[in-house]
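Biologist: Could you put the model up and take me through what surrounds the ligand, and then the core?
Modeller: Gladly, here it is.

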Amino acid sequence: MKIPDTRFKEIIDLLPVYLSIQDQNLTILFANQTFKNDFGDGVGKRCYEVYKSADKKCPNCPVYKTFQDNKIHLSEETIWTLDGKESQMIVYSAPITNKENKIESVMELAVNITKVKAIQKELSSIGQSMAFMSHGIKNILEALQGGSYIIDEGLHDNDLHLVRQGWDVVRNNLLDISVITQNVLYSSKKRTLRFEKVTPGEVLEVAVKFFHHKAASLNIKLTHDFNPKLPAVMVDIFSIRRMFNNLVSNAIEACQKDTAKDSHAITLRADYFNEFQFKFEVEDNGTGMDEHTKKNMFKEFFSTKGTAGTGLGLAVVNQIVKEHHGKLEVESSLGTGSLFRIIFKL
Ligand SMILES: Nc1ncnc2c1ncn2[C@@H]1O[C@H](COP(=O)(O)OP(=O)(O)O)[C@@H](O)[C@H]1O
Ligand SMILES: [Mg+2]
């Protein structure tokens with residue numbers, strides 16, 4: 001079957017890849033329609049000008065290599081389309097030779113693999129969070145077992161004090177498991193926010209209630225303080241609870257770890273920041289942070305707690321603050337304590 005030339009041109013134009021033919025100087029001699037749709041009419045321009053707005057060839061240029069050795073080459077490149085979108089490409093180059101087998105030009109095919117790369121990244125992030133979560137949960141399960149053992153002993157000896165002690169351990173660890181699973185769910189799934197009106201004072205009350213027993217059992221004074229004049233604000237309450245759960249559980253852990261002070265306190269605050277903004281604060285007098293921790297604390301999987309940490313908490317907090325177009329400030333010094341301040345518009 002013979003396909004007419006015009007039909008060939010149509011097929012080449014429609015191919016879902018960027019196809020171009022280039023000369024020795026990497027000047028584009030021909031480009032298909034898919035190419036033109038995303039990069040404009042690049043004919044007559046250098047390949048690197050069109051793909052990267054660069055003024056010299058890419059270090060790994062496959063077309064250049066093909067001109068050198070007359071062979072097929074492959075490379076992975078990051079390029080920018082006309083609308084400013086960054087795209088990941090697999091670039092393939094093949095020689096076009098004349099009758100004497102001398103190379104005349106090179107055909108370049110670039111396939112957009114941005115979506116594949118994004119899926120790859122998501123999968124590896126899910127895998128990583130699963131590994132961290134399994135570690136975290138394994139530790140907590142061991143602690144739960146320890147707690148239920150103490151309860152058993154207490155029940156056996158009719159010792160209510162021991163039963164209470166065991167129950168504290170069980171309850172505290174159930175709380176930890178719930179924070180970890182919330183974080184993994186939050187960081188592995190995109191959620192649409194549901195904004196509703198809440199008063200900042202109520203948000204603090206719920207957070208204090210949630211951690212009341214745990215803090216008390218560890219001898220940490222957990223209190224809240226809010227300006228009653230603050231009006232109701234629009235937030236995604238589900239996310240804001242996650243945010244407080246992480247900030248407070250970190251504060252508790254920092255107090256627990258601190259052996260330098262006799263008494264520990266955590267205060268949650270809500271007040272005006274200025275005329276247009278209000279602030280939430282979580283302050284503790286726990287260990288505080290060194291410079292390295294301050295620099296890295298918001299990175300996913302960064303933790304100084306070994307297998308007891310997942311390193312997801314502050315990454316989730318950061319994401320929530322961003323989703324609310326808010327601002328996050330941290331003041332912390334080693335040995336003194338930490339203050340996390342979240343500023344939202346009223
Ligand atoms: N209130 C705090 N006081 C001291 N260090 C903190 C506090 N909050 C966070 N950090 C530090 O930031 C790190 C990251 O926190 P996070 O993302 O919640 O992960 P994780 O709690 O699992 O370690 C912690 O390991 C800890 O070193
Ligand atoms: Mg944490």
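Modeller: For the classes, Ala, Val, Leu, Ile, Met, Phe, Trp, Tyr, Cys and Pro count as nonpolar, Asp, Glu, Lys and Arg as charged, and the others, Gly among them, as polar. This is a predicted model, in which local features need pLDDT of at least 70 and side-chain atom pairs count only at pLDDT 80 or more, while totals for chains, interfaces and linings use all residues. Residues are numbered from 1 along each chain as its sequence is written, and chains are lettered from A and ligands numbered from 1 in the order in which they are written.
Biologist: OK, what is the shell around ligand 1 made of, by class?
Modeller: The shell has eight nonpolar, 13 polar and two charged residues.
Biologist: And which come nearest?
Modeller: Of the 23 residues around ligand 1, those are N250, A254, S303, G309 and G313.
Biologist: Which element gives the most to that shell?
Modeller: That is α8, with four residues, where helices (H or I, at least four residues) and strands (E, at least two) are DSSP runs numbered from the N terminus.
Biologist: Switching to the core, how many residues are in the largest nonpolar one?
Modeller: It has 38 residues, a nonpolar core being a set of buried Ala, Val, Leu, Ile, Met, Phe, Trp, Tyr and Cys residues joined through C-beta atoms within 7 Å; buried means that 20 or more other C-beta atoms, placed from the backbone, lie within 10 Å of a residue's own. Again α8 gives the most, with nine residues.

Key
A residue is near a molecule or strand if its C-beta atom, placed from the backbone, lies within 6 Å of it. A residue is buried if 20 or more other C-beta atoms lie within 10 Å of its own, exposed if 12 or fewer, and partly exposed in between; C-beta atoms are placed from the backbone.
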